[in-house]
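Colleague: I have some questions about this protein and its ligand. Can we go through them in turn?

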Amino acid sequence: MSILGNSVLRVEDDGLLTGNQPFTADLITSDTLHSCFIRSPVAHGKLVSVIGSPGLYTAASLELPKLVPWPPTPDRYARDLLVVDKIRYVGDPIAVVTGRSFAEAQDLAGDVEVEIESLPAVVSAEESSEVAFEVEPLVDPSALEDAEVVVEAAFVNQKLAPVPLETNSILVVPDDDGAGLCIWVSTQFPWDNQASVAAALNLDPNRVRVIAPAVGGGFGAKGHTYPEHIVVAAIAHRTGQPVAWQETRSENLLNMTPGRGQIQRVALGAKRDGTITGIRVEVIADAGAYPHVGAWLPNYTRLMCTGTYRIPRVDFRARSMVTNTAPVGAYRGAGRPEATAFLERSMDLLARELQMDPVELRRRNLLESHSTDHVTPSGAVYDSGNYRGTLDRVAELAGYESLRQEQSLRRARGDQWLLGIGVSSYIEVTGNGPTEEFASVAIELDGSATVLCGVSSQGQGHQTTYAQIAAAQLGLPIDKVRVVQSDTGVVPRGNGTYGSRSLQLAGSAVDEAARAVVEQACVLAAERLEANTADMVIYEGVGVGIIGSPATAIGWADLAPLAVEFDFDQGARTYPSGSHISVVEVDRETGAVRMIRHITVDDCGNVINPMLAQGQQHGGIAQGAAQALWEELAYAADGQPMTSTLLEYLAPSARELPSYEINSMVTPTPLNRLGVKGIGEATTIGTTPAVHNAVLDALAPWGVEHLDMPLSPEKIWRAING
Ligand code: MCN
């Protein structure tokens, strides 16, 4: 029996549970300088002067080049690492001080005098006049021409804070000769930090070693280099002393790149029988200050704008606007949840308009299942999917019909707790970024295997999964396979972890490298045994020998050393999909919402480790529900953040969430031999609209058509009470 598809326990947990696997902050030594950034208290202004204490560094004293953002408009929005003249958001780093402890650095920072001339701030993307990026539109002015019914709505997909348990964290230790740095950083993409630091400080990239030790979550926001990372590296390089930056929670809520932030105007057209005829979408995205990846993400919203449905005509436009708020980046789903959210809300509005059951309306419009490419009007090439299959299954598992009966009963009785049932059908794109990833597999002299790979875990369980994949090919017990990642000094190259790319790309690279090692071993063993290579087989837990003759097996230690490097290029992306049903109760007296059930059928192709995939499904549901019900990164009209502590930013705890009913369906991808697609973001995407739809479904008796997220008790109470 193969080890693939089994819930092997996480090999990384021993170190995490015993504290032997350090996080960045655990590596700080007593000779480390601690840094504290002085941040702008206003959203927009002109920096007049900075007068400070010993250990103060400013843009002028550090003389650093600008940070050139990745798309979409690199030159125009190249950013000063510390403010030179213009301040652009509350939290914009102006200067930094170092001290022998963080407390000392904080005290010194308190003595720094900053003079700023305030300017009026632009906080809403709709009010901004500066376009950072415009998505290439899909133009069909008559997209709604064939419609007999058109539903129109404006949706706000609010900004979210990523809230990883571990905030930003970096420790930079200079080499003795002054020509290199060793950097421990809480990141999803060590090679990006390496390239950015080396370029800014004019160092040989080979002399900048970046290691991501244990990382306490990233959720997309640790996929790029922050200005603070480079500033801290510059001070370490200059002083010859180790320097650390440990972001506080409030600093994190001010400054870590938030996600989402779209205003969407949607018109969905259909025939009276429910057949969709076309859609028109206009998106205004908030790129925040210093536009970078977040400004580009509406491209993914466009790519996914027809979802799982047959929508023959599409008119889609999106532009990203500059505002005086923290720079927007990627957050779990990154551009795709926004598409699913407007589609699934629009489907429910259409169902209500046509007085049709929302599940039935979806059934009528879902794409046929397919196992070869399906090209959508937005140019997405869906690799495989069974959309109707997941919807029918989730309706059956939820007991959809009896839920509807119970709902009617409660309504008829005038119960205090109303029942709401929400459905969503989603598809998303995974394997984002470069479609290429590196891995190598080596057989060591003791017969064990070492796997190197270019992706970098933040809690997903890569060490376990890739060990399973190598173990399956080599016939080795999993404890004889060691997985090494997240260290630019050991792993030759890599493209990092984001866009749910790691398993399909790095996992496939491991699989291919291990297969090549087996081939080498077979050739070697055949030579020694004077047999045909074609007659060689792996003997589980032993080595390689002649088929039908276990006694001939040569152990891996005797075949060592062997090593293969493999750069796997998938050439295309995979599209996981699924259907969710959420069941909520809404208190008609207070507007409070209780999530009572959440049922999923998710399809990410073959699953390598069901326990790890379920962990992803769980975390994804929590974050998806959080957007629907609780979380919003809010700013006042003058650009002051209103949610800079976890008292105001309502990240949920286990108490608010039900026990999930998680299920899977398997439609393998033809794009890799493992048949796997990503699962890291999928359930976040499916959950938000299911919960959102459930609450509005509960409010149907009051004729409430739409409320924007997060669905706070106050918002609901006001809607119920007119
Ligand atoms: N898996 C599997 N079979 C599949 C798909 C996945 O067994 N068919 C398992 C994999 O083995 C892996 C995990 O599920 O352990 C996730 O794999 P994958 O979908 O390839 O996603 P990545 O490893 O690339 O992780 C990135 C993804 C993203 S983009 C965000 S955002 C997110 C997420 O992962 N951030 C996370 N999950 C997170 N989980 C934790 N704990 N912390 C984060 O910051």
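Modeller: A definition to start with: a residue is buried under 20% relative accessible area, exposed over 50%, and partly exposed in between. Keep in mind that this is a predicted model.

Colleague: Is tyrosine 290 buried or exposed?
Modeller: Tyrosine 290 lies in the loop between strand S14 (276-288) and helix H7 (293-296). The cut-off for buried is under 20%. Tyrosine 290 has a relative accessible area of 11%, so it is buried.

Colleague: What is the phi of tyrosine 290?
Modeller: Most residues other than glycine have a negative phi. Tyrosine 290 is not a glycine, yet its phi is positive, at about 45°.

Colleague: And phenylalanine 219, what is its relative accessible area?
Modeller: Phenylalanine 219 sits in the loop between strand S11 (208-211) and helix H5 (227-239). It is not a glycine, but its phi is positive, about 55°. Partly exposed covers the range between the 20% and 50% cut-offs. Phenylalanine 219 falls there, with a relative accessible area of 27%.

Colleague: Which residue just after H14 has a positive phi?
Modeller: Take helix H14 itself before that residue. Its 28 residues should span 40 Å at 1.5 Å a residue, and its end C-alpha atoms are 39 Å apart, which agrees. Just after H14, a positive phi of about 50° is taken by glutamate 530.

Colleague: How many residues of H17 are buried?
Modeller: Helix H17 runs over residues 682-698. From first C-alpha to last it reaches 25 Å, close to the expected 24 Å. The helix is mostly covered, and the buried count is 17 of its 17 residues.

Colleague: Where does proline 710 lie, and what is omega for the bond from methionine 709?
Modeller: Proline 710 is in the loop between H17 and helix H18 (713-720). Most peptide bonds are trans. The bond from methionine 709 to proline 710 is cis, with omega near -5°.

Colleague: Which residue is joined to proline 561 by a cis peptide bond?
Modeller: Proline 561 lies in the loop between helix H15 (556-559) and strand S25 (562-569). Omega of the cis bond is about -5°. The partner of proline 561 in that bond is alanine 560.

Colleague: Now the ligand. Which residues around it are the closest?
Modeller: The shell around the ligand has 31 residues. They divide into 9 nonpolar, 18 polar and 4 charged. The closest are Gln460, His462, Thr465, Ser502 and Gln616.

Colleague: How far is a ligand oxygen from a polar backbone atom of glycine 218?
Modeller: A polar contact needs N or O atoms within 3.5 Å. An oxygen of the ligand lies 3.3 Å from an N or O atom in the side chain of glutamine 458. A nitrogen of the ligand lies 3.2 Å from a polar backbone atom of lysine 677. For an oxygen of the ligand and a polar backbone atom of glycine 218, the distance is 2.7 Å.

Colleague: How much of the ligand does the protein bury?
Modeller: Taken alone, the ligand exposes 840 Å². The part of that buried by the protein is 96%.

Colleague: Which elements give two or more residues to the shell around the ligand?
Modeller: Three helices meet that condition. They are helix H13 (462-474), helix H14 (502-529) and helix H16 (610-629).

Colleague: How far is proline 576 from asparagine 386 in space?
Modeller: Proline 576 is in the loop between S25 and strand S26 (577-587). At 0% relative accessibility, it counts as buried. The two residues are 190 residues apart along the chain, but their C-alpha atoms are separated by 9.8 Å.

Colleague: And how far apart are glycine 99 and threonine 669 in space?
Modeller: Glycine 99 is in strand S5 (residues 93-99). At 2% relative accessibility, it is buried. Glycine 99 and threonine 669 are 570 residues apart in sequence, and their C-alpha atoms lie apart by 53 Å.

Colleague: Last, the overall fold. What is the radius of gyration of the protein?
Modeller: The protein has 18 helices and 28 strands. The globule rule gives 27 Å for 722 residues, and the protein comes close to that, so it is as compact as a globular protein of that length. Its radius of gyration is 27 Å.

Methods
Residues numbered from 1 in each chain as written. Predicted model: local features only at pLDDT ≥ 70, side-chain atom pairs only at ≥ 80, totals over all residues. Heavy atoms only, no water. Helix = DSSP H or I, 4+ residues; strand = E, 2+ residues; numbered from the N terminus. Expected span 1.5 Å × (residues − 1). Buried < 20%, exposed > 50% of the residue type's maximum accessible area, 1.4 Å probe, protein only. Near = heavy atom within 4 Å. Polar contact = N/O pair within 3.5 Å; in protein donor to acceptor, adjacent residues only side chain to side chain. Areas by Shrake-Rupley, 256 points an atom, 1.4 Å probe, with all protein chains shown as cover. Nonpolar A, V, L, I, M, F, W, Y, C, P; charged D, E, K, R; others polar. Rg over C-alpha atoms; globule rule 2.2 N^0.38 Å.
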